[in-house]
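Trainee: Please take a close look at one part of this model. I would like to hear about the salt bridges.

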Amino acid sequence: MKLEHSKKQRRTPSFIDKIMKEQKIMLSQSDLFKQIIQIFFLLGIVGLIPYYFLWHFTYFEQTSPTNALTELFIALGILVVALLLRDINYILWILLKKERRKKTSFVFDLRLFKISCRYNETLSKVQYRSFLLFPFLLWGMIPVIISLINGNFACLVFGCVMSVACSDCLAIWKKIRFFKNDDLFHNFPDHTGFIALQKASNQS
């Protein structure tokens with residue numbers, strides 16, 4: 001009887017371990033630096049160079065100093081709000097359902113100057129990657145494209161600053177692409193890394 005009991009004790013944890021394996025992935029300073037350089041290069045190709053050929057940076061020549069200053073202050077105010085709420089899509093997704101709100105904690109991260117949230121349930125690969133990519137597109141690329149259309153220099157600056165601010169999200173977004181589609185993920189509120197839960201069949 002003792003022998004059977006000891007076999008049961010050993011079998012249960014090994015069976016669980018074969019189902020899922022937890023892997024903690026952290027962003028290094030090198031990862032973040034490389035991503036920021038890549039964003040600067042992208043902004044030069046997509047934003048600054050086209051803006052120069054389209055508008056020749058004549059925004060301040062064509063706009064009165066008062067209007068230019070007003071627009072820059074408005075852009076600065078929007079920038080502060082955008083920095084605080086740059087994870088707005090993730091926050092709204094959580095707030096829209098009561099069950100998610102109960103499993104989430106919200107904190108103000110002074111170091112990153114933003115409202116962070118920790119959802120205490122796993123996310124699918126598609127969900128997590130979309131949450132990471134959306135802020136870069138919403139706050140970064142869309143304002144840059146708008147500036148190319150209307151020539152608004154403040155909008156261009158806003159888009160460039162927010163693109164760099166979302167560099168940590170993009171760095172994680174790239175790392176996740178190497179995982180299988182049915183792997184699950186826990187996010188870190190400060191985007192310094194993530195926790196992947198891999199099935200035994202997905203582990204290399």
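Mentor: Here are the salt bridges, one pair at a time. This is a predicted model, where local features need pLDDT of at least 70 and side-chain atom pairs count only at pLDDT 80 or more, while totals for chains, interfaces and linings use all residues. Residues are numbered from 1 along each chain as its sequence is written, and side-chain values use heavy atoms, with hydrogens and water left out.

The structure holds three salt bridges. The term means a side-chain nitrogen of Lys or Arg within 4 Å of a carboxyl oxygen of Asp or Glu.

Take Asp 87 and Lys 114. Their side chains meet at 2.8 Å, N to O. Asp 87 sits in the loop between α4 (65-84) and α5 (88-95), and Lys 114 in strand β3 (residues 114-119), so the bridge ties together parts 27 residues apart in sequence. Helices (H or I, at least four residues) and strands (E, at least two) are DSSP runs, numbered from the N terminus. Asp 87 is buried, at 5% relative accessible area. Lys 114 is buried too, at 0%. Buried means under 20% relative accessible area, exposed over 50%, and partly exposed in between, with a 1.4 Å probe and protein chains only.

Next, Asp 31 and Lys 175. Their closest N and O atoms are 3.4 Å apart. Asp 31 belongs to helix α2 (residues 29-55) and Lys 175 to helix α9 (residues 167-176), 144 residues apart. Asp 31 is partly exposed, at 21%. Lys 175 is partly exposed, at 25%.

Last, Lys 103 and Glu 121. Here the closest N and O atoms are 3.5 Å apart. Lys 103 lies in the loop between α6 (98-102) and β2 (104-109), and Glu 121 in the loop between β3 and β4 (123-124). Lys 103 is partly exposed, at 35%. Glu 121 is partly exposed, at 33%.
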